[in-house]
Amino acid sequence: MTTPQQPDPLDRLSESLSADYSESREAQHERVISELRQVIERVPEQSEFTNTRRYMVFGPLLTLVSLGVLWWGIHGERTGLIVCGVFLSLLFAVVTWQHRNAGKHVFMRLTRRQLFVDSLSAPVNLVDIVDIYVKDEGMVTLQKLTLTPDAVLPTHRPVRVFFGNQAMALKKPEPHIRILSAGLMCGGKKLSCDDIAALLDAYWQSACAQQQLDALQNRG
């Protein structure tokens, strides 16, 4: 006569621990995905940027000042001042004309993965950025984005506008993108250097989080 085999308590414990571990791992996986999505969704899917209207104000003002220099030179019969006044008057008149539509044309866009600038041949992958530097250099605002050594650089075309929106892709001293513009606006609001740096950093974080999320989802 045989007796039924009793279940081994160790087997039951092992099964329970395995189930708990599986549930814990799945919960952790979902938590990581949720946190990555929160980082991604902290920024809009796309932000568009224009330059500011600073030269719509400074251009006419500096033209008037230059005409004053010209008048002073003519009145005092001073050839040097006359030449300087003519040159500056023409220069600032051209600047005023070239910036007549300032603040209306979108020249730069940020998405959760890439940076687009009109004068670059291709977008820049945000995950390739290793350093962000923003500075107001008086006449223009500079954005310098240092990239990884193996980043693929686009080409750039020159923009024939005084103090215009110009992006350059340069290899030395390290691969980087330089973006020059007469200030920066987003949604009609002027951005300070701190605002620009914070926004670029937020989009960079979003791109890195998106890359990690894609890797997790691809692994299943």
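**Exercise 1. State how β1 and strand β9 pair, and which residue of β9 stands opposite threonine 50.**

Solution. β1 and strand β9 (residues 185–186) are antiparallel and share two bridges. Within this pairing, methionine 185 of β9 is the residue opposite threonine 50. Strands here are DSSP runs (E, at least two residues), numbered from the N terminus, and two strands pair if DSSP finds at least two bridges between them. The model is predicted: local features need pLDDT of at least 70, side-chain atom pairs count only at pLDDT 80 or more, and totals for chains, interfaces and linings use all residues. Residues are numbered from 1 along each chain as its sequence is written, and side-chain values use heavy atoms, with hydrogens and water left out.

**Exercise 2. Trace the pairing from β1 through β2 to β3, then give the order of the open sheet of six strands.**

Solution. Step one: strand β1 (residues 46–50) runs antiparallel to β2, joined by four bridges. Serine 47 has leucine 110 of β2 as its bridge partner, and phenylalanine 49 faces methionine 108 in β2.

Step two: β2 (residues 108–111) pairs with β3 (residues 114–117) over three bridges, again in the antiparallel sense. The two strands form a hairpin with two residues between them. Methionine 108 has valine 117 as its bridge partner in β3.

Step three: the order is β4-β3-β2-β1-β9-β10, with antiparallel pairing. The edges are β4 (124–125) and β10 (189–190), each of which pairs on one side only.

**Exercise 3. Describe the open sheet of four strands and locate the cis peptide bond that ends at proline 173.**

Solution. Step one: the strand order is β5-β6-β8-β7, with antiparallel pairing. β5 (129–136) and β7 (166–170) are the edge strands, each pairing on one side only. Neighbouring strands of this sheet are turned by 15° against each other on average, direction ignored; the axes are lines fitted to C-alpha atoms, and angles run from 0 to 180 degrees between N-to-C directions.

Step two: β5 is joined to strand β6 (residues 141–147) by seven bridges, and the two run antiparallel. Isoleucine 129 stands opposite leucine 147 in β6.

Step three: the bond from lysine 172 to proline 173 is cis, with omega near 0°. Proline 173 sits in the loop between β7 and β8 (176–181).

**Exercise 4. Find which ring arginine 109 lies over, and how many aromatic pairs the structure holds.**

Solution. Arginine 109 lies over the face of phenylalanine 116, at 4.4 Å from the ring centre. The criterion is NZ of Lys or CZ of Arg within 6 Å of the ring centre and within 35 degrees of the ring normal. As for aromatic pairs, the structure holds zero; rings of Phe, Tyr and Trp (its six-membered ring) pair if their centres lie within 6.5 Å.

**Exercise 5. Divide the lining of the largest pocket into nonpolar, polar and charged residues.**

Solution. The lining has five nonpolar, nine polar and two charged residues. Ala, Val, Leu, Ile, Met, Phe, Trp, Tyr, Cys and Pro count as nonpolar, Asp, Glu, Lys and Arg as charged, and the others, Gly among them, as polar.

Definitions and conventions:
Phe/Tyr/Trp six-rings, centres within 6.5 Å; stacked < 30°, edge-to-face > 60°.
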